[in-house]
Amino acid sequence: MFQAMDGRAESGAMIMVAAALLYVATRMAVYALARPDGSDPGRGALGQWLPIAATTTVAILSRRADIAVAVIFGTSVACLSLVLGSAMYLTPMQSPPVSRKVWPFVLPAALLPMMAGFSAHLTWWHALMLLALGGAILAVWRESAEVAEEPSSPRRPQSGFKRAMALAAIAIACIGAHFAVSGAIAANSSPRFGSTATLAATVLSALLVLPTLGTASAVAQRGNPGLAVSALVGTVLLNLCLLLPIAILLWYPLSTTPARLANFRDFKLPWESTHALPYDVMAWRIETVIVVVLGFGLIPASMGRLKIGRLESVLLVTGYGVYVVLMAVFGLQMI
């Protein structure tokens, strides 16, 4: 019993350290890359995404595909429900920004993994399809940025201090990601926590988007709620169209032992479907479906037919609570 208590205490301590480090890393990255008023949502999305990318990469290098997939989709759900709903409740969006043109792309970016989930694996050609979609989205995003209004606070030339801060944020995010993944793996020793994927999808994902909640709320209260939504959408698109393909392609060589790679005749073996990234059934049935539903909701919002007011914000936050309960119940059944 005491050994179990020590394991849970160690896991909790590592997750708490990870939460602090990832929070600092996210705030540093956003400060170094983006404007305070959020008028460059692409850079804001990149700053919010860096700790998520670090955690997913560490999980893949640790050969924990369940954690990586759960973090990618769990943070996407949290961004489009918990964070978006909380920020829009404080400052309802009156008029959408020019960058709303990319909002509908969340739907096809989520539909591709959902269709691939029937095989229970994500292959290299799924990764190429997502990267191709990401290239198309990037072209639309850049076009939207060119016709956007002048920012209220012009960007100053990138200073050496901010470059150093961005590099420090990446380093801190990597350290925090190591503690986060290690804590999630250690917590798996206790059935009270449910499966590791459940912990990653709920606890780790919530910790990763916690600083994003503060950033989005600050941007919205500065009078730019639409730009806050664009930054959140950008983070989700980076998850689905860049981070997920990277995880898929990294998994292939990691799933093959060096001994087999040393044999030239087995060179093609790593790219067979048997070495594809496992797609956890819980992520497919719950998280991916929720991202698809949220992507549907962004289409009328991007067309100006739906304003995200306080009622919609309450529904989004409540929906996130339902998602957490579903993940917990499903996770306990998977033990």
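These legends describe close-up views of a predicted model.

**Figure 1. Overall layout of the predicted protein.** The chain folds into 11 helices and two strands. Read from the N terminus, the order of elements is α-α-α-α-β-α-α-α-α-α-β-α-α. The protein has 335 residues, and 49% of them count as buried.

**Figure 2. The nonpolar surface patch.** Eight side chains are shown here: Trp124, Trp125, Leu128, Met129, Leu131, Leu242, Ile246 and Leu250 form a nonpolar patch of about 670 Å² on the surface. Two elements, helix H5 (124-146) and helix H8 (225-254), each supply two or more residues to this patch. H5 is the largest contributor, with five residues. Leu131 is one of the patch residues and lies in helix H5. Its relative accessibility is 33%, so Leu131 counts as partly exposed; residues need over 30% to be taken into a patch.

**Figure 3. Salt bridge between Arg35 and Asp40.** The structure contains two salt bridges, and this view is centred on the one that joins the side chains of Arg35 and Asp40. The N to O distance is 3.8 Å, against a cut-off of 4 Å for a salt bridge. Arg35 has a relative accessible area of 18% and is therefore buried. Asp40 is also buried, because its relative accessible area is 10%. The limit for a buried residue is under 20%.

**Figure 4. Salt bridge between Arg64 and Asp66, with Arg63 alongside in the sequence.** Arg64 and Asp66 are joined by a salt bridge in which the closest N and O atoms are 3.0 Å apart. Asp66 is partly exposed, since its relative accessible area is 21%. Arg63 belongs to the loop that connects helix H2 (41-61) with helix H3 (65-90). Although Arg63 is not a glycine, its phi is positive, at about 60 degrees. The relative accessibility of Arg63 is 47%, so this residue counts as partly exposed; exposed would require over 50%.

**Figure 5. Ala120 in the loop before strand S1.** Ala120 sits in the loop between helix H4 (106-116) and strand S1 (121-122). Its backbone has a positive phi of about 65 degrees, and the residue is not a glycine. With a relative accessibility of 34%, Ala120 counts as partly exposed.

**Figure 6. Crossing of helices H2 and H6.** Two packed helices are described by the angle between their axes and by the distance between the axes. The axis of H2 comes within 8 Å of the axis of helix H6 (residues 160-187), and the crossing angle is roughly 50 degrees. H2 is therefore oblique to H6, as the angle falls between the roughly parallel range, under 35 degrees, and the roughly perpendicular range, 65 to 115. The crossing of H2 and H6 is right-handed.

**Figure 7. Crossing of helices H6 and H7.** Helix H7 covers residues 196-221, and its axis comes within 9 Å of that of H6. The two axes cross at roughly 135 degrees. H6 and H7 are therefore oblique to each other, because roughly antiparallel would need an angle over 145 and roughly perpendicular ends at 115. H6 and H7 cross in a right-handed sense.

Conventions. Residues numbered from 1 in each chain as written. Predicted model: local features only at pLDDT ≥ 70, side-chain atom pairs only at ≥ 80, totals over all residues. Heavy atoms only, no water. Patch = residues over 30% accessible without salt bridge, like charges linked within 9 Å, V, L, I, M, F, W, Y side chains within 5 Å. Areas by Shrake-Rupley, 256 points an atom, 1.4 Å probe, with all protein chains shown as cover. Helix = DSSP H or I, 4+ residues; strand = E, 2+ residues; numbered from the N terminus. Buried < 20%, exposed > 50% of the residue type's maximum accessible area, 1.4 Å probe, protein only. Axes fitted to C-alpha atoms, helices over the stretch in contact; angles between N-to-C directions. Left-handed = near helix turned anticlockwise from the far one by under 90°.
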